Amino acid sequence: PVLDTEDAWVSVEGPVSIVELALEQKRIHYPLVEHQFVLCTVLYAIMRLSLKGVKPLSLFDSKGKNAFFKDLTSIQLLPSGDMDPNVLSIRQQFLLKVVSAAVQTLCSSQKDKEVSEEEYFPFEKGKNWPTLAADLAQYLQISEDLVRRHYVCELYSYGMDHLGEE
């Protein structure tokens with residue numbers, strides 16, 4: 001982009017302006033940022049829902065693992081549409097664990113009538129973990145419908161039929 005400056009500012013001495021510094025930065029490879037976002041979301045879900053026995057890097061193939069340790073401005077080979085069925089199976093199991101843990105947490109917090117969901121997750125007002133899992137399924141190449149069906153089955157199994165019907 002072309003930045004027009006007034007003549008009075010041309011002869012000014014001092015440090016480079018923040019706008020010029022920003023324009024000199026390399027462009028970020030956005031798919032690589034999305035890839036990092038998926039890993040951060042996976043790690044946050046594992047931590048927040050206390051999921052045991054989940055190895056986060058097992059959710060990615062070799063190209064995906066290598067991309068995590070590269071500069072965000074570099075163009076990296078990211079996983080293509082063809083995935084190993086074993087990796088897809090591990091991803092599916094992970095998403096189903098997230099949904100099950102979220103429903104279990106919701107159910108246990110509603111059984112303790114003194115504790116509301118907002119108090120149980122104080123920094124996550126409005127965060128709907130099953131919906132997050134369904135959104136994450138799109139990035140992980142898993143069917144969203146499968147995650148939503150599992151969510152409904154979990155709601156029914158915990159006796160929350162009114163939510164399951166919705």
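Start at Ser50, in the loop between H3 and helix H4 (62-67). Helices here are DSSP runs of H or I with at least four residues, strands are runs of E with at least two, and both are numbered from the N terminus. Phi of Ser50 is near 55°, a positive value in a residue other than glycine. Ser50 sits just after H3.

Before moving on, some ground rules. This is a predicted model, in which local features need pLDDT of at least 70, side-chain atom pairs count only at pLDDT 80 or more, and totals for chains, interfaces and linings use all residues. Residues are numbered from 1 along each chain as its sequence is written, and side-chain values use heavy atoms, with hydrogens and water left out.

**Whole chain**

Zoom out and colour by secondary structure. The chain has nine helices and zero strands. Read from the N terminus, the order of elements is α-α-α-α-α-α-α-α-α. Now colour by accessibility. Buried means under 20% relative accessible area, exposed means over 50%, and partly exposed is in between, with a 1.4 Å probe and protein chains only. Of the 166 residues, 30% count as buried.

**Helix H3 and the loop before it**

Select residues 30-48. This is H3, with 19 residues. From its first C-alpha to its last, H3 reaches 26 Å, close to the 27 Å expected at 1.5 Å a residue. The expected span is 1.5 Å times one less than the number of residues. Show the side chains of H3. The buried ones are Leu32, His35, Val38, Leu39, Thr41, Val42, Ala45 and Ile46.

Step back to Arg27. Arg27 is in the loop between helix H2 (18-24) and H3. Its relative accessibility is 73%, so Arg27 counts as exposed. Draw a distance from Arg27 to Thr73. Their C-alpha atoms are separated by 5.9 Å, although the two residues are 46 apart along the chain.

**Helix H7**

Select residues 129-139, which form H7. Which residues of H7 are buried? They are Trp129, Pro130, Ala133, Ala134, Leu136 and Ala137. Look down the axis of H7: these buried residues fall within an arc of 165°, so they line one face of the helix. The arc is taken over the directions from the helix axis to the C-beta atoms. Some background helps with this view. An α-helix has 3.6 residues a turn, so residues three or four places apart point the same way.

Go to Tyr139, also in H7. Tyr139 is partly exposed, with a relative accessible area of 39%. Add Phe37 to the selection. The C-alpha atoms of Tyr139 and Phe37 are separated by 10.0 Å, with their positions 102 residues apart along the chain.

**The loop from H7 to H8**

Next, pick Gln141, in the loop between H7 and H8. Gln141 follows H7, and its phi is positive, near 60°. Like Ser50, Gln141 has this positive value as a residue other than glycine. At 36% relative accessibility, Gln141 counts as partly exposed.

Then select Ser143 and Asp145. At the start of H8, a side-chain oxygen of Ser143 reaches to within 3.3 Å of the backbone nitrogen of Asp145. The cut-off for a polar contact is a pair of N or O atoms within 3.5 Å; within protein, one must be able to donate a hydrogen and the other to accept it, and residues adjacent in sequence count only if both atoms are side-chain atoms.

**Helix H8**

Select residues 144-157. H8 has 14 residues, which should span 20 Å at 1.5 Å a residue, and its end C-alpha atoms are 20 Å apart, which agrees. Its buried residues are Val147, His150, Glu154 and Leu155. They cover an arc of only 140° around the axis, which puts them on the same side of H8. Turn to the other side of H8. Arg149 and Cys153 are exposed there.

Centre on His150, in H8. With 19% relative accessibility, His150 counts as buried. What does the side chain of His150 reach? The partner is the backbone oxygen of Leu96, at 3.4 Å.

Gly159 follows H8 and has a positive phi, near 80°.

**H7 against H8**

Last, show H7 and H8 together. They pack at an angle of about 160°, with their axes 8 Å apart. Axes are lines fitted to C-alpha atoms, for helices over the stretch in contact, and angles run from 0 to 180 degrees between N-to-C directions. H7 and H8 are therefore roughly antiparallel to each other. Angles under 35 degrees count as roughly parallel, over 145 as roughly antiparallel, 65 to 115 as roughly perpendicular and the rest as oblique.
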